[in-house]
Amino acid sequence: QLSLVESGGGLVQTGGSLRLSCKASGFFLRGYAIGWFRQVPGKEREGVSCIEFGGNITNYAESVKGRFTISRDNEEDTSFLQMNSLKPGDRAKYYCASTAQAYSNDSYVRPQIYDSWGQGTQVTVSS
């Protein structure tokens, strides 16, 4: 069974950091681009970042650029989202997703291209 499992969420103060992980099970992550998304109840899902198959190309939403870093370890079938300088506006449930489609710089704003999604991990930032 193919699955993605996120972990690493939690409660942090403004200015703090968290590192989210996305572990693939049942398939080799190296064949897929990875996207990270977030959603707040009642609002649309927002693309945060994406990384191509080999990890050499990354893209970020303007709202997180310079604060978040996406990475991957294909040997461990895991992707990471390092989140620094967290703000209350970063509060959301964070999801990772995988796609075998060709990577593009706007892959993080095209959730429709992703075919496997994790269950999400909650991030809460206190002011």
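Which residues do ring pairs link into a cluster? In this predicted model, the residues linked in this way are Phe-37, Tyr-114 and Trp-117. The close-up views below begin with this cluster.

**View A. Ring pairs join Phe-37, Tyr-114 and Trp-117 into a cluster.** A pair of aromatic rings is described by the distance of the centres and the angle of the planes. Searching the whole structure yields four aromatic pairs. In one of them, the ring centres of Phe-37 and Tyr-114 are 5.2 Å apart and the planes stand at 80°, so this pair is edge-to-face. Phe-37 belongs to strand S4, whereas Tyr-114 is in the loop between S9 and strand S10 (116-117), so the pair ties together parts that are 77 residues apart in sequence. Phe-37 is buried, with a relative accessible area of 0%, and Tyr-114 is buried as well, at 6%. The rings of Tyr-114 and Trp-117 have centres 6.1 Å apart and planes at 65°, so this pair is also edge-to-face. Trp-117, with a relative accessible area of 25%, is partly exposed.

**View B. Two arginines are placed over aromatic rings.** The charged end of Arg-45 sits over the ring of Trp-117, at 4.4 Å from the ring centre. Trp-117 is thus a member of the ring cluster and also the residue beneath this charged end. Arg-19 lies over the face of Phe-80, and the distance to the ring centre is 3.9 Å. Phe-80 is in strand S8, where Ser-71 stands opposite this residue.

**View C. Four strands form an open, antiparallel sheet.** The order of the strands is S1-S3-S8-S7. Strand S1 (3-7) and S7 are the edge strands, and each of them pairs on one side only. From one strand to the next, the twist averages 15°. Between S7 and S8, the antiparallel pairing extends over six bridges.

**View D. Asp-77 and Ser-85 have positive phi angles although neither is a glycine.** Asp-77 is located in the loop between S7 and S8, and its phi is about 55°. The relative accessibility of Asp-77 is 12%; because buried means under 20%, Asp-77 counts as buried. Ser-85 is located in the loop between S8 and S9, and its phi is about 50°. Ser-85 has a relative accessible area of 40% and is therefore partly exposed.

**View E. The largest nonpolar core contains 33 residues.** The members that touch the most other members are Trp-36, Phe-68, Leu-81, Met-83 and Tyr-94. Several strands give two or more residues to this core: S3 (18-25), S4 (33-39), S5 (46-51), S7 (68-73), S8 (78-83), S9 (92-99) and S11 (121-126). Among these contributors, S3, S7 and S8 also appear in the open sheet of View C.

Terms used: Residues are numbered from 1 along each chain as its sequence is written. This is a predicted model: local features need pLDDT of at least 70, side-chain atom pairs count only at pLDDT 80 or more; totals for chains, interfaces and linings use all residues. Side-chain values use heavy atoms; hydrogens and water are left out. A nonpolar core is a set of buried Ala, Val, Leu, Ile, Met, Phe, Trp, Tyr and Cys residues joined through side-chain atoms within 4.5 Å. Buried means under 20% relative accessible area, exposed over 50%, partly exposed in between (1.4 Å probe, protein chains only). Rings of Phe, Tyr and Trp (its six-membered ring) pair if their centres lie within 6.5 Å; planes under 30 degrees apart count as stacked, over 60 as edge-to-face and the rest as tilted. A charge sits over a ring if NZ of Lys or CZ of Arg is within 6 Å of the ring centre and within 35 degrees of the ring normal. Two strands pair if DSSP finds at least two bridges between them. Axes are lines fitted to C-alpha atoms, for helices over the stretch in contact, and angles run from 0 to 180 degrees between N-to-C directions.
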